[in-house]
Amino acid sequence: MTKSSSFPLSRDARLYLVIPFVLGFSWLGLFVVLFNLFLLRLGYGPSFIGMLTAIGPIMFILLSIPSGLMSRRFGSRRLIILALSIYAVSFTLLPWGDVLPSPWREAWFMTWLLMAYVGGAFYWPNGDVYLMSITEDANRSRAFAYRQALFPLAGFIGSLLAGQLPSFFAKLIGTSIEQPAPYRYALMLCGLVHIASVLAMMLTSREVSQEEVTESKAEGQGKWVLVWSVLIPLAFVELLWKGGTQGPTNFFNVFLDLNFQVSPQRIGMILGVGQLVAAGLALATPWLARRIGHGRIIALALVGLISGLFIIAGSSGWLGASSGFVLFQVLAAISTASVAVYRMEKVDARWWGWASGIAVAAQGIGESSIYYAGGVVIERFGFDAFFLGTASVLAVGLTFFVVYFKPFRRPSAASEQPQWTEAPPSKQFPEQSDNRP
């Protein structure tokens, strides 16, 4: 039996992995720690924060399916380069809205946050398609696990840096961390670091079309039967899972700041520690997948995510709440890799664009809904009601997933696990060619 560790990743796959590192550093590290604190210092409350962050995922809803389908015509590589370029511009300009008067300030924030999510709508569906096309059965779970581990690992580094940047810029410009200006300059780094991800993707050397990938999951897989019997039910699960994982992540720094008056440095440390632990344990995903299958990983992770939210809601201090959030971050990281592989391995290569586009659109619905509802619930009923309500959302997703997809039924679990051969599988792609845009 050939283990995935014996079959190396290609040069293109290794270059591609620069992107999750930069995204993790930028988004999970700098942006997640600093943006809400920036808005709080501009005088906005949880309701506005929830409304503003809810607008962005609308781009996932509108553009993800067209983006996934465009991969067949333009190639996922070109679309990823476009997406990363949009990230670089949008995140660099976004924080400059604080120099404008209202209502131009709010319009600026909305415009550039929407543009950042346009980049996301092109990146996420095509990122899954591209990584599927440059990996094989023998190393695919490992590649997705590496991608997922790099997000929180880079997020750990970014979180630690984010906690220090406001003080650094405050001293540099002669103000305090209670003013928004230091956060503006720190947040600009979210965009500037994406120059590295654009360059890395441009150095990849081939565009593998989905027609050239030879693997097939079911002979004669019909599109509409597939959509209604597999992709729509799975999208419903992903909608609830995404909302349930992103909502607490978005508001946890607000929770620490308003409820426990935790400093930005400590908030960065708390989020960073959780991301570091998540990065290490996300690497166990291929090992777990070989033994229990991705379906069971998803189900068990959902149980753990619900438990983490109960710990957060039941804690009377920042330390107990933070321990629950660390558990939450770890299981979110593990489940993210498994959700992507589970979805894409359900379908033939020719349907990868459909699968990824539908899934990311559904995730956008979940993310936008929880952001908007979260801001309202927090202001009216408090953070505990929000965390417990989010746990109930995940519970619905868990119940539907277990009942419909039956991950614990022995034949299904067996079919999910990779079938290794005694020798490394044959290449699924043509010879490498230089096909840069």
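**Long-range contacts and buried salt bridges in an all-helical model**

Among contacts in the protein chain between residues at least 6 apart in sequence, 86% join residues at least 24 apart. The model under discussion is predicted, and its protein chain contains 17 helices and zero strands. Of the 437 residues in the chain, 61% are buried. The accessible surface comes to about 16,700 Å², and carbon and sulfur atoms account for 67% of that area.

It is helpful to turn next to the charged side chains. Side chains of opposite charge can pair when their charged atoms come close. A search of the whole structure returns seven salt bridges. Several of these pairings come together in a network of salt bridges that links Asp128, Arg147, Glu238 and Arg343. Within this network, Asp128 pairs with Arg343, with the closest N and O atoms 2.8 Å apart. Asp128 belongs to helix α6 (residues 104-133) and Arg343 to helix α14 (residues 318-344), so this salt bridge ties together parts that are 215 residues apart in sequence. Both Asp128 and Arg343 are buried.

Arg343 also meets the side chain of Glu238 in a salt bridge, at 2.9 Å from N to O. This pair, too, links distant parts of the chain, as Glu238 sits in helix α10 (residues 223-260) and Arg343 in helix α14, 105 residues apart. Glu238 counts as buried because its relative accessibility is 2%, under the 20% limit. Arg343 falls under that limit as well, with a relative accessibility of 3%.

What is the N to O distance in the salt bridge between Asp12 and Arg11? In this pair the side chains meet at 3.8 Å. Asp12 is buried, at 1% relative accessibility, whereas Arg11 is partly exposed, at 39%.

Helix α14 offers a further point of interest in Ser322, which lies in this helix. Ser322 is buried, with a relative accessible area of 5%. A polar atom of the Ser322 side chain lies 2.6 Å from the backbone oxygen of Trp318. Leaving aside residues up to four places away in sequence, Ser322 touches Phe252, Leu256 and Ile270.

Helix α9 (residues 194-202) shows how burial can be arranged around a helix axis. Which residues of α9 are buried? They are His194, Ser197, Val198, Ala200 and Met201. These residues cover an arc of only 165 degrees around the axis, and therefore lie on the same side of α9. The buried residues of α9 pack against α1 (11-16), α2, α5 (76-93), α6 and α8 (181-192). Helix α6, one of these partners, is also the helix that holds Asp128.

Finally, attention moves to the surface. Phe21, Leu153, Ile157 and Leu276 make a nonpolar surface patch of about 290 Å². Phe21 is found in helix α2 (residues 18-41). With a relative accessible area of 31%, Phe21 is partly exposed. That value qualifies Phe21 for the patch because membership requires over 30% relative accessible area. Helix α2 thus appears in two settings: Phe21 of this helix contributes to the patch, and the helix is among those against which the buried residues of α9 pack.

Note on methods
Residues numbered from 1 in each chain as written. Predicted model: local features only at pLDDT ≥ 70, side-chain atom pairs only at ≥ 80, totals over all residues. Heavy atoms only, no water. Patch = residues over 30% accessible without salt bridge, like charges linked within 9 Å, V, L, I, M, F, W, Y side chains within 5 Å. Areas by Shrake-Rupley, 256 points an atom, 1.4 Å probe, with all protein chains shown as cover. Salt bridge = Lys/Arg side-chain N within 4 Å of Asp/Glu carboxyl O. Helix = DSSP H or I, 4+ residues; strand = E, 2+ residues; numbered from the N terminus. Buried < 20%, exposed > 50% of the residue type's maximum accessible area, 1.4 Å probe, protein only. Contact = heavy atoms within 4.5 Å. Polar contact = N/O pair within 3.5 Å; in protein donor to acceptor, adjacent residues only side chain to side chain. Arc of directions from axis to C-beta.
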